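Here is a briefing on selected local features of one protein chain. Look at the sequence and the structure first, then read the points below.

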Amino acid sequence: MTDPPPHARETVVVVDFGSQTAQLIARRVREAGVFSLLVAPSTPPDAVRALNPRGLILSGGPASVYEDGAPALNPALLDLGVPVLGICYGMQAICRTLGGVVARAEHREFGKAHLSIIRHDKLFAAIPDRTSVWMSHGDQAADTDRLGFETLASTPTCPHAAVGLESGGRRLYGVQFHPEVTHTPQGRVLLHNFLYEICRCTGQWRMSDFLDETVRDVTRAVGPDRVVCGLSGGVDSSVCAALLHRAIGDRLTCIFVDNGLLRTAEAELVETTFRDHFKIDLRVVDASREFLSDLRGVTDPQEKRRRIGHRFIDVFKHAAKDLPDARFLAQGTLYPDVIESGHSAAGTSAGIKLHHNVGGLPAELGFRLVEPLRDLFKDEVRTLGEVLGLPQQLIWRHPFPGPGLAVRVLGEVTPEKLTIIRACDEILLEEIVAADLYRSTSQVFAVLLPVRSVGVMGDGRTYDQAVALRAVETEDFMTADWARLPYEVLATISRRIINEVRGINRVVYDISSKPPATIEWE
């Protein structure tokens, strides 16, 4: 049986003009059952064509299309023979590229607007005559009729809020509003219509298919060599390790560095899962004494991170020397990491890229990098973990910082403080899970504060430490809001911590959002 070529899967390409919601467009497409990739406007049309797209979506953007230096639409993208949907800036870019006029609108639209549908077939199928949409624009395309576009929908201040053109082999559509955001209630229906009614997609994006394809790619790329994987116990590295083991079996070796800054029973969970359940060659390196020695007397959070990073590299290098046949290093890089680093996935083979730039590890290690998750978003990684059979407690774990509890103990890190914060964190998570709030919150943790306060326990005065509780809700971790936990749950957590953790007499709850605060305290 002949292997399919790269990107043989059904794909819709999203051209990112700098929109804050470009990733959200890609996610919405995948949620509808179609694989998507983000590319830059500068991507050569031949590279886009090589992806074999079923359609293109042009994102919004912060610029005005008529300004000097504004990202331009390559006209050849309109002649690939596939449907094109322009959103906001994307719609204006289509019109300007075709010779139309885009100018500052007499009435700007920001926020909710009322859309009236003029034509219902295809793009607006099954959408009510009037619906709410989310607008965010100061410019408008002024002469769409002259360009041959039919007006499909309008608002009181935007006469061409949606347009369509099917002529000369072109199928071009544009919407001035943002269907990808939740503030456009019928937005997902519109995107579904574009994907299935216009692009004629069949919805082949399945995680089981991705798994089979990626296993095949990894097996081909690695050949007979060994792969070493730095296992942290987090979701990304755990799924990465399980996938690699599916692909190459006992030629995978995982290295887990116990830095002494882990949560309660974290090392035991990793060992039980990967050594006992998956039968993976797992090397556990206990370097807790070295890490804690490096942190002695250090209070600056950046210096903590620097020392932890350097020590990790030294420990990992030493452990890797015992694997002379290892040629590849596996890393759980995700698609948002690829996008934010400026490395588009366009033109690479599906699900894997090999190079020598090992993030955070020195080049002299001589490894080539394997990134089997680089096409996936976080929620898709969790789904893949379920397909691979990872336990739920690993798949749905909240994020844990690389420096571990070192950045959740404010000030100097000592063994005594780590004992306290572990106990507080364990109680917090126990009660969050018991209240069935773990999956509805994105991250929950405790922070040991460098302050003492007066308290009363029994008949005696205390002067002990304070701990802060932090719980947030977020979709992308770029912004976050504090979770409105029930008072009863907070009261139980506070009572247990003060009663059960010696050295704590005060519990506070962090109600800061990101921004202006960050999620972690350090």
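**A parallel strand pair**

Strand 11 (residues 252–258) and strand 12 (residues 281–286) run parallel and are joined by six bridges. Between them the chain passes through helix 7 (residues 266–277), and this β-α-β crossover from strand 11 to strand 12 is right-handed. The model is predicted, and the points below cover a helix, two cis peptide bonds and some backbone angles.

- In this pair, aspartate 258 stands opposite aspartate 286 of strand 12.

**Helix 5**

- Helix 5 covers residues 207–222, which makes 16 residues.
- How far apart should the ends of helix 5 be at 1.5 Å a residue? The expected span is 22 Å, and the C-alpha atoms at the two ends are 22 Å apart, so the two values agree.
- The buried residues of this helix are Met207, Phe210, Leu211, Glu213, Thr214, Val215, Asp217, Val218 and Val222.
- An α-helix has 3.6 residues a turn, so residues three or four places apart point the same way.
- Which elements cover the buried residues of helix 5? Among them are two helices, helix 6 (235–248) and helix 11 (378–388).
- Strands also take part in this cover, including strand 10 (226–230), strand 13 (326–330) and strand 14 (368–370).
- Glycine 223 comes just after helix 5 and has a positive phi of about 65°.

**Cis peptide bonds**

- Lysine 514 and proline 515 are joined by a cis peptide bond, with omega about -15°.
- The peptide bond from proline 515 to proline 516 is also cis, and its omega is near 10°.
- Where does proline 515 lie? Proline 515 is in the segment after strand 18 (504–509), and proline 516 is in the segment after strand 18 as well.

**Positive phi outside glycine**

- Asparagine 52 is not a glycine, yet its phi is positive, near 55°.
- Asparagine 52 sits in the loop between helix 2 (45–50) and strand 3 (53–58).
- Is asparagine 52 buried, partly exposed or exposed? Asparagine 52 counts as partly exposed because its relative accessibility is 48%, and exposed means over 50%.
- Alanine 126 is not a glycine either, and its phi is positive at about 65°.
- The loop that holds alanine 126 runs between strand 5 (102–117) and strand 6 (130–141).
- Alanine 126 has a relative accessible area of 73%, so it is exposed.

Terms used:
Residues numbered from 1 in each chain as written. Predicted model: local features only at pLDDT ≥ 70, side-chain atom pairs only at ≥ 80, totals over all residues. Heavy atoms only, no water. Helix = DSSP H or I, 4+ residues; strand = E, 2+ residues; numbered from the N terminus. Expected span 1.5 Å × (residues − 1). Buried < 20%, exposed > 50% of the residue type's maximum accessible area, 1.4 Å probe, protein only. Contact = heavy atoms within 4.5 Å. Pairing = 2+ DSSP bridges. Right-handed = clockwise from strand over helix to strand, strands pointing away.
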